[in-house]
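Reader: I am new to this structure. Please show me how to read its features.

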Amino acid sequence: MVEYLQSDMQCEGLLECLHGLKQLDRRCFEVLVETEDPMTVDEVAEAVERERSTAYRSIQRLLQAGLIQKEQVNYEHGGYYHVYLPTDPNEVADDMQRMLNDWYAQMGTLIQEFRDKYDDKILTAE
């Protein structure tokens, strides 16, 4: 964690850090953001030059993280397919802020527990 905090963090680094995403996930996300229209998994796979199954796994991680959305497109004569598009950046940023606030609160609790546990032992040793 110290190395990550001291590194020159870029905006996309937040996606990797807060959501546990991989480099390919970030590439898939960037492709979806850069295009004006929603894309199928096949189109994303082609854009990132990976197999469909590999792109699909990245898409699933992005969906789980809430960074993209899935929409169903129906054919006129029955059947359907799915397309993917990025979630509103403000919504994503708000979610990241909530995650950071939760993490900060948890770290504060752990630090206080550390203080309580070891402060008592040091005071009694003196």
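Reading the chain

Author: Take the overall measures to begin with. In this predicted model, residues 24 or more positions apart account for 44% of the contacts in the chain with a separation of 6 or more.

Reader: How many helices and strands does the chain have, and what pattern do they follow along the sequence?

Author: Helices and strands are numbered from the N terminus. The chain holds six helices and two strands, and along the sequence they read α-α-α-α-α-β-β-α.

Reader: How many of the residues count as buried?

Author: A residue is buried when its relative accessible area is under 20%. Here 22% of the 126 residues meet that description. The accessible surface of the chain is about 9,600 Å², with 49% of that surface belonging to carbon and sulfur atoms.

Reader: Is aspartate 25 buried or exposed?

Author: Aspartate 25 has a relative accessible area of 0%, so it is buried. Its place is in helix α3, residues 23–34. Apart from neighbours within four places in sequence, aspartate 25 is in contact with Ser58, Arg61 and Leu62.

Reader: Which residues of helix α4 are buried?

Author: In helix α4, residues 41–48, the buried residues are Val41, Val44, Ala45 and Val48. They lie on the same side of α4, because they cover an arc of only 100° around the axis.

Reader: What do the buried residues of α4 pack against?

Author: Their partners are α3, α5 (52–65) and β2 (80–86).

Reader: What phi does glutamate 49 take, just after α4?

Author: Glutamate 49 takes a positive phi of about 55° there.

Technical notes: Residues numbered from 1 in each chain as written. Predicted model: local features only at pLDDT ≥ 70, side-chain atom pairs only at ≥ 80, totals over all residues. Heavy atoms only, no water. Helix = DSSP H or I, 4+ residues; strand = E, 2+ residues; numbered from the N terminus. Buried < 20%, exposed > 50% of the residue type's maximum accessible area, 1.4 Å probe, protein only. Contact = heavy atoms within 4.5 Å. Areas by Shrake-Rupley, 256 points an atom, 1.4 Å probe, with all protein chains shown as cover. Arc of directions from axis to C-beta.
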